[in-house]
Each structure stands twice: as structure tokens, then as C-alpha cells.
Amino acid sequence: MSGVRWTPATVERVVVQTPRVTSVFLRGDLPRSEAGQHVDVKLTADDGYSAERSYSIASAPGAPLVELAIEWLPDGEVSPFFHDVVQAGDTLDVRGPIGGHFVWRADDGGPLLLVAGGSGIAPLMAIVRHRAAVTPGLPTLLLYSSRTWDDIVFRAELQALAAADPALVVRFAITREAARRPGDVAGRLDAPRIAAALAGWGTRPARTYVCGANRFVEAITMALVDGGIAAATIRTERFGGAG
Ligand SMILES: Cc1cc2nc3c(=O)[nH]c(=O)nc-3n(C[C@H](O)[C@H](O)[C@H](O)COP(=O)(O)OP(=O)(O)OC[C@H]3O[C@@H](n4cnc5c(N)ncnc54)[C@H](O)[C@@H]3O)c2cc1C
């Protein structure tokens, strides 16, 4: 199929990642994705009403299943479906992969700065996984903001990847609890905390990717530019909402 036609995809499994985020693994006739791309998902009710939403691909390019990491929004129209209703064996209409701006390819190189807020980790996880497969050793700093320690999606995998590769530095920012690890950030990722994390890293990023809710992306981008990161090297993906 072409990249933008709707195609059925089968839910292979559903994995609760955190209290608010669930991964849905899809198998379908989808073209190979690039790290950072998303798919559109269409849900259609019995009366024909349908709703479409975009979800980033968290799995690495070439992975046998497409992983989506979906945050439950209490008043959301679509996201609760993936937490309360969807089951292995279900079929969903999917279109993609889509997106060319928020993509990282091995040729793009680094050093890489990745900044995620909440479920904004999804496309950055694809980049982290792809980087581990194709260019381990590429200097990379992931700054990842979550409300609590238990809200950190992919926490164990990120810690394992960082432990195996000294060039990958992962700093969790926890906004509603004390930080648990030395070097992690206690509180919101604001300009001083980002500057401190960059100073601790000791590397200037050549490319920066920022993903999360609208307000998060705007605040982080302003802080980065104020901190001397060239705006032209920053790519952003906005998930919507005020965040
Ligand atoms: C390119 C792209 C990739 C995306 N990837 C992901 C992803 O990987 N994982 C994921 O969970 N979501 C992702 N989103 C967001 C997703 O498309 C939906 O917007 C989200 O799931 C909310 O849909 P809903 O129908 O549940 O809520 P809606 O019924 O559309 O909105 C309900 C309420 O939630 C607010 N809201 C909407 N989106 C957000 C948000 N992101 N944060 C906070 N509040 C919000 C709305 O303003 C509204 O008040 C992505 C969006 C885009 C554009």
C-alpha cells in the first residue's frame, strides 16, 4: 500500500506502560517507518461516525510491530478507547507512516539533544532505539519530563540503553516528586535547569528534537534559543493540548 492510504492493522498486543500510558502494538501492511514519524488512526462507530487522531511511532524503523504509546486523557474522545476498549485481535484503520520534518536518520548524525514531555517520549523513543541500532556511541542527551517516577514511559529500557552506552545520557525531570537519581532534574524543565543539564553534558548539540504538548514545546524551545541553541537546529512535534 502507499504511505497515505488507510489500511487495516491488527492489534497484536496491548501493554500498560504506566498509569497513564498504554502501548498498542500493530501488525499491518505498512511501509517501513523512519524514526520520528507518526501514523493516523481512524475509529469508526457502528453508526458510521468516525474520529481520527495522530500517534507517533515509538518502535524503531524495521521493527516487526508498530508500537504506539498513547496517553489516557480523561475527557478525551479517542485516547480512552486505547485504554478501556481495544484488545488483541482487534482491527484498526491506520494511515502512514507520515511526516518528514521530525525525522532523524543515521546520516543526520549528532550530537543529539532530545527533549520529551510526557507521552512526547514516543517519537523520541523511536530515535533512541534507532540510534542504538545504527550509530551507538553518537553523543546524545535525552531530557525527559514526567510528573512522577512511575509516569516515566520506557524507564527500564532507557536506563538499560544508557547503562550499555556511555554516549547516551538520560536525565529524567520529575515535576511532582523528588528526583530519585543523581543528575536527574527536580522540577520543571525551565531555562536554568536545561542550561545546567547541558553544562553537565559538556557537549553542544548539532540537532535538537523537542516533543510534547503545545505549551511544553513552546516553553522548551524558547529556553533553548535563550540558551544559545540555534533555532534552525531545533525540530519540534506538538501533540496538542495546553499540557
Ligand atoms: C503528530 C502527532 C503525534 C501524536 N502522537 C501522540 C502519541 O504518540 N501519544 C499520544 O498520547 N498522543 C499523541 N498525539 C496526540 C493525539 O493525536 C490526540 O490529540 C490525543 O490522543 C488526544 O485525543 P483525544 O481524542 O483523547 O482528546 P480530544 O477529545 O481531542 O481532546 C480532549 C481534551 O484534551 C486536550 N488535549 C488534546 N491533546 C492533548 C495532549 N496531547 N495533551 C494534553 N491535552 C490534550 C484537548 O485540548 C481537550 O481539552 C499526537 C498528535 C500529533 C499531532
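**View 1. Chemical make-up of the shell around the ligand.** The residues that form the shell around the ligand comprise eight nonpolar, nine polar and five charged ones, as seen in this predicted model. In total, 22 residues surround the ligand, and Gly-76, Val-78, Ser-79, Ala-122 and Gly-241 are the closest of them. Two elements, β4 (50–56) and β5 (66–71), give two or more residues to this shell, and β4 supplies the largest share, namely four residues.

**View 2. The ligand shell and the two domains.** Both domain 1 (6–98) and domain 2 (106–238) take part in surrounding the ligand, since at least three residues of the shell are drawn from each.

**View 3. The open six-stranded sheet.** Six strands make up an open sheet with parallel pairing, and their order across the sheet is β10-β9-β8-β7-β11-β12. The edges are formed by β10 (185–186) and β12 (234–238), each of which has a single partner strand, so that one side of each is left without a neighbour in the sheet. Helix α5 (residues 214–226) packs on this sheet and touches β7, β11 (207–212) and β12, while its direction makes about 155 degrees with that of β11.

**View 4. Pairing of strands β7 and β8.** Strand β7, which spans residues 112–117, runs parallel to strand β8, which spans residues 140–146, and six bridges join the two. Within this pair, Leu-112 stands opposite Thr-140 in β8. As a general point, strands of a sheet pair through backbone hydrogen bonds, in either a parallel or an antiparallel manner.

Technical notes
Residues are numbered from 1 along each chain as its sequence is written. This is a predicted model: local features need pLDDT of at least 70, side-chain atom pairs count only at pLDDT 80 or more; totals for chains, interfaces and linings use all residues. Two strands pair if DSSP finds at least two bridges between them. Two residues are in contact if their C-beta atoms, placed from the backbone, lie within 7 Å. Axes are lines fitted to C-alpha atoms, for helices over the stretch in contact, and angles run from 0 to 180 degrees between N-to-C directions. A residue is near a molecule or strand if its C-beta atom, placed from the backbone, lies within 6 Å of it. Ala, Val, Leu, Ile, Met, Phe, Trp, Tyr, Cys and Pro count as nonpolar, Asp, Glu, Lys and Arg as charged, and the others, Gly among them, as polar. Domain bounds come from an automatic or database domain assignment.
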